[in-house]
Amino acid sequence: MKLAYWMYAGPAHIGTPRVASSFKNVHAIMHAPLGDDYFNVMRSMLERERDFTPVTASIVDRHVLARGSQEKVVDNITRKDKEERPDLIVLTPTCTSSILQEDLQNFVDRASITSNSDVILADVNHYRVNELQAADRTLEQVVRYYLEKARRQETLDQSITEEPSANIIGIFTLGFHNQHDCRELKRLLQDLNIEINEIIPEGGSVKDIQNLPKAWFNLVPYREVGLMTAIYLEKNFGMPYISVTPMGIVDTAECIRQIQKHMNNLVSNKTFDYESYIDQQTKFVSQAAWFSRSIDCQNLTGKKAVVFGDATHAASITRILAREMGIRVSCTGTYCKHDAEWFKEQVQGFCDETLITDDHTEVGDMIARIEPSAIFGTQMERHIGKRLDIPCGVISSPVHIQNFPLGYRPFLGYEGTNQIADLVYNSFTLGMEDHLLEIFGGHDTKEVITKSLSTDTDLTWNYESQLESNKIPGFVRGKIKRNTEKFARRNDITNITVEIMYAAKEALSA
Amino acid sequence: MSNKISETLTFECETGNYHTFCPISCVAWLYQKIEDSFFLVVGTKTCGYFLQNALGVMIFAEPRYAMAELEEGDISAQLNDYEELKRLCLQIKKDRNPSVIIWIGTCTTEIIKMDLEGMAPKLENELNIPIVVARANGLDYAFTQGEDTVLAAMAHRCPEQNILIDKKKKEIQDSNIEDFFSFLSLEKKEETIDKPFIKSNKNPSLVLFGSLPSTVASQLSSESKRQSIQISGWLPAQRYTDLPSLGNQVYVCGVNPFLSRTATTLMRRRKCKLIGAPFPIGPDGTRAWIEKICSVFGIKTEGSEKREEQIWKNLKDYLDLVRGKSVFFMGDNLLEISLARFLIRCGMIVYEIGIPYLDKRYQAAELLFSQNTCKNMSIPMPRIVEKPDNYNQIQRMRELQPDLAITGMAHANPLEARGINTKWSVEFTFAQIHGFTNARDILELVTRPLRRNNNLENLGWNDLIKKEKK
């Protein structure tokens with residue numbers, strides 16, 4: 001047992017529906033008790049999704065506990081098949097079904113006989129994998145299922161497209177700025193004259209999965225989800241993949257160079273050369289390279305920062321801060337414990353120390369010890385920063401509704417470098433402004449001085465009403481006090497009691 | 001009476017495939033209500049993830065609740081439950097020093113049959129801190145019923161009535177001694193002055209049960225004081241150490257419709273007398289509630305009719321907005337019957353009342369009151385659907401096109417995109433909706449989508465989904 005207040009990565013059964021519901025026309029059915037379909041709320045609220053989230057629960061209740069699910073799961077699958085006609089139904093186990101140890105595979109087999117949809121059981125164990133690992137596995141599982149199916153039905157066309165093309169793997173729902181990143185990647189590939197073959201899972205159809213091998217290569221922008229799929233495709237179809245995250249100027253260039261290398265390996269009659277493109281973009285399209293030369297950025301030299309997040313974002317941001325902006329990263333860390341080796345290797349030489357943990361108190365203590373000028377972390381670090389009065393830029397999930405901006409805010413590609421430069425610079429200047437204010441004793445007027453209504457009256461608040469008013473949340477207390485006094489004066493009341501307070505509330509409908 | 005209800009009311013029961021919050025969410029408001037408590041949710045990452053997402057900002061404010069996160073070793077019994085819980089509770093005691101630790105049992109503890117009720121008393125003795133066990137799990141309960149399980153468990157911890165009277169006597173004796181040193185304890189003296197006042201209650205002890213924000217609780221208290229009814233205590237009180245005394249002379253009355261287990265426990269185990277009344281939601285409900293209590297105590301109410309009228313008059317601007325509009329309750333927090341009754345009285349038409357669970361005995365007075373309200377407003381009683389099926393409900397809504405759907409957050413945005421106004425039902429649980437004073441707050445919530453849409457009406461973008469390609 002572990003005493004826990006907060007967690008960075010969610011449970012496995014969040015990861016699976018994140019992948020499933022990202023595909024078009026795929027339905028996830030969770031074998032779960034009432035209330036475990038919280039995923040729907042997150043998707044509907046955070047992503048501001050217009051459509052009903054294609055996830056339902058096959059409810060586990062007392063009856064299921066007593067007699068097993070029996071027909072229930074199968075019925076729910078076939079019912080969903082009739083109602084929504086999805087291409088695929090993914091049965092998703094939860095922590096509850098993990099310990100009930102029902103033979104879910106059997107339900108799947110039975111249901112797939114009667115339903116027109118394909119039915120699979122997500123191969124994830126709640127107690128062994130977290131949200132991100134589960135998403136990675138589920139994506140690979142779905143891809144494998146459809147490619148093997150196509151192979152059996154001999155509909156698999158393995159020839160690659162005439163023109164260079166790429167698959168983008170790992171863009172999905174509730175991902176940190178994933179939608180914007182996807183658009184930016186599309187633009188990048190377009191600039192390089194590379195066609196987009198398929199994007200999975202976001203917006204993709206499972207029917208098109210069999211086209212995946214037609215691409216020249218796979219691009220896996222995020223380390224957490226998609227890598228398993230890319231490795232599977234490499235092993236079985238000889239497809240090369242690029243897993244350098246194009247975040248920051250240097251890594252974006254590196255990613256493009258790798259693309260160039262793979263493409264030159266594939267064709268012999270033609271050479272691809274993107275160096276001039278990289279040069280042009282770096283110097284003039286992206287403002288980040290210029291920014292790092294400008295005196296603004298000079299002021300940031302040697303400032304201390306702390307980075308924490310998922311492996312992809314934390315590693316990339318660490319390198320951007322250290323390599324591209326000359327900021328001293330005192331500590332960098334990730335909660336992706338399963339990927340610790342890779343992470344350490346990536347940030348080696350770019351930071352003073354690393355912290356691999358999924359315990360937010362450890363992260364908080366580290367920040368308090370180091371006292372950096374700015375933090376780049378998740379929503380949790382933002383709150384730690386608030387408490388310690390240190391500004392924080394959010395660079396990674398776990399996320400908040402604020403991290404689903406309506407405006408265009410990619411982290412990847414050349415536009416991404418601009419966004420990151422803004423984020424970094426704004427965090428630091430805010431910190432510096434604060435600091436200067438402190439030194440020079442703040443702004444001219446610290447408080448707005450207003451003539452309080454209660455100073456020049458003969459109204460008295462009795463003991464209970466004072467107690468009562470203290471219970472009112474601070475930010476509305478003043479208003480309620482004023483309204484009450486206004487009401488009292490209007491009614492020639494001098495002694496304010498709790499009853500008067502309520503009467504005032506009713507009268508003024510405040 | 002219950003027969004009469006079932007004759008005319010139609011209850012339906014669907015599949016139970018509906019969206020609601022897990023009952024462990026009750027820790028969110030209960031830890032704030034009971035100031036000296038600590039809630040320990042014994043469950044998995046799933047529970048933790050739900051809590052941290054559902055409670056949003058609160059999680060960062062050093063809450064007095066935590067997860068005892070079960071790991072694989074706990075599930076396969078390689079670790080000793082008792083030792084593990086002892087370790088965690090010791091830590092909690094050291095860090096926070098609460099007056100009570102409340103263990104929330106979850107689905108997982110049910111399935112692996114962890115004997116929380118058996119371990120609690122032992123550990124309680126060992127650690128010398130009360131441990132209350134509430135099984136608020138998604139296998140058995142929905143959303144607000146979580147509070148019901150906690151309060152039912154807490155009812156066992158309320159002191160016996162007689163014992164407390166003895167204690168009080170002793171305290172008074174003590175304070176008499178202290179009176180010699182009255183210059184030392186100014187506050188104590190005030191207390192002793194208050195005491196005879198409390199003692200002079202005319203009505204027998206009345207304990208109200210249900211967790212309400214303290215301002216709402218004192219509003220209801222002062223409301224009953226108007227009718228010269230003294231409330232002797234609340235379950236829960238602001239602090240665990242102030243739990244009210246119970247006994248066979250004590251009358252109890254619920255303030256919320258989802259407290260049927262608590263009511264049963266109070267009647268059967270603590271021998272209290274339950275006053276079955278409509279719930280004080282809306283001015284009509286509040287008046288009926290207070291009048292029912294008065295009638296039990298043989299007190300003639302004074303001015304309650306006028307007071308109700310006054311409140312209705314104050315609501316006029318909102319009533320003009322809602323009159324004639326239709327509502328559809330998808331159902332997820334058990335407040336539905338009372339809210340529907342209030343909205344019908346406001347002149348709205350209710351198409352369907354979805355509700356997770358309906359205790360027809362505990363809600364009998366409310367149901368009867370709803371029926372009478374329908375009769376007075378001369379509209380038919382809406383259908384009540386227990387354990388609704390959200391998919392079917394959405395089909396029905398598509399046909400009915402209600403002016404307002406009161407629904408969970410999972411469906412709100414998709415419905416809005418289809419041109420159906422929605423109000424999140426969760427807000428009714430967290431807003432202050434009880435008593436005369438707060439009637440306006442209910443309508444504030446209900447009319448918000450309507451008012452918003454009055455502003456946006458003519459912009460031509462009410463239906464915002466792409467038409468299906470056929």
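## Exercises on a predicted two-chain model

**Exercise 1.** Work out whether the length of helix α7 (residues 131-152) of chain A fits its residue count.

*Solution.* Start with the expectation: 22 residues at 1.5 Å a residue should give α7(A) a span of 32 Å, where the expected span is 1.5 Å times one less than the number of residues. Now check the ends: the end C-alpha atoms sit 31 Å apart, so the two values agree. Helices here are DSSP runs of H or I with at least four residues, strands are E runs with at least two, and both are numbered from the N terminus.

A quick note before going on: this is a predicted model, where local features need pLDDT of at least 70, side-chain atom pairs count only at pLDDT 80 or more, and totals for chains, interfaces and linings use all residues. Residues are numbered from 1 along each chain as its sequence is written, chains are lettered from A and ligands numbered from 1 in the order in which they are written, and side-chain values use heavy atoms, with hydrogens and water left out.

**Exercise 2.** Describe the cover and the two ends of α7(A).

*Solution.* Cover goes first: 16 of the 22 residues of α7(A) are buried, making the helix mostly covered. Buried means under 20% relative accessible area, exposed over 50%, and partly exposed in between (1.4 Å probe, protein chains only). At the N-terminal end, N130(A) acts as the cap, with a side-chain oxygen 3.0 Å from the backbone nitrogen of L132(A). Just past the helix, E154(A) has a positive phi of about 55 degrees.

**Exercise 3.** Find the partners of T334(A) and say how its side chain is held by polar atoms.

*Solution.* First place T334(A): strand β11 (residues 328-334) of chain A. With 0% relative accessibility, T334(A) is buried. Next, follow the side chain of T334(A): one backbone partner is the oxygen of G309(A) at 2.9 Å, and another is the nitrogen of C336(A) at 3.0 Å. Last, list contacts (heavy atoms within 4.5 Å): leaving aside neighbours within four places in sequence, T334(A) meets residues including F308(A), D310(A), F343(A) and L355(A).

**Exercise 4.** Locate D358(A) and name the residues that D358(A) touches.

*Solution.* D358(A) belongs to the loop between β12 (353-356) and α16 (360-370) of chain A. Its relative accessibility is 27%, so D358(A) is partly exposed. Not counting residues up to four places away in sequence, D358(A) touches Y8(A), Y335(A) and K337(A). With K337(A) there is a side-chain polar contact of 3.5 Å; such a contact is a pair of N or O atoms within 3.5 Å, where within protein one must be able to donate a hydrogen and the other to accept it, and residues adjacent in sequence count only if both atoms are side-chain atoms. G309(A), 49 residues apart from D358(A) along the chain, has its C-alpha atom 9.9 Å away from that of D358(A).

**Exercise 5.** Place K481(A) and list its contacts beyond four places in sequence.

*Solution.* K481(A) is part of helix α20 (residues 474-490) of chain A. At 35% relative accessibility, K481(A) is partly exposed. Its contacts are W461(A) and S469(A). The C-alpha atoms of K481(A) and S469(A) are 7.6 Å apart, with their positions twelve residues apart along the chain.

**Exercise 6.** Summarise the make-up of chain B.

*Solution.* Count the elements: 21 helices and 14 strands. Then take burial: 57% of the 470 residues are buried. Finally, among contacts in chain B with a separation of 6 or more, 76% join residues 24 or more positions apart.
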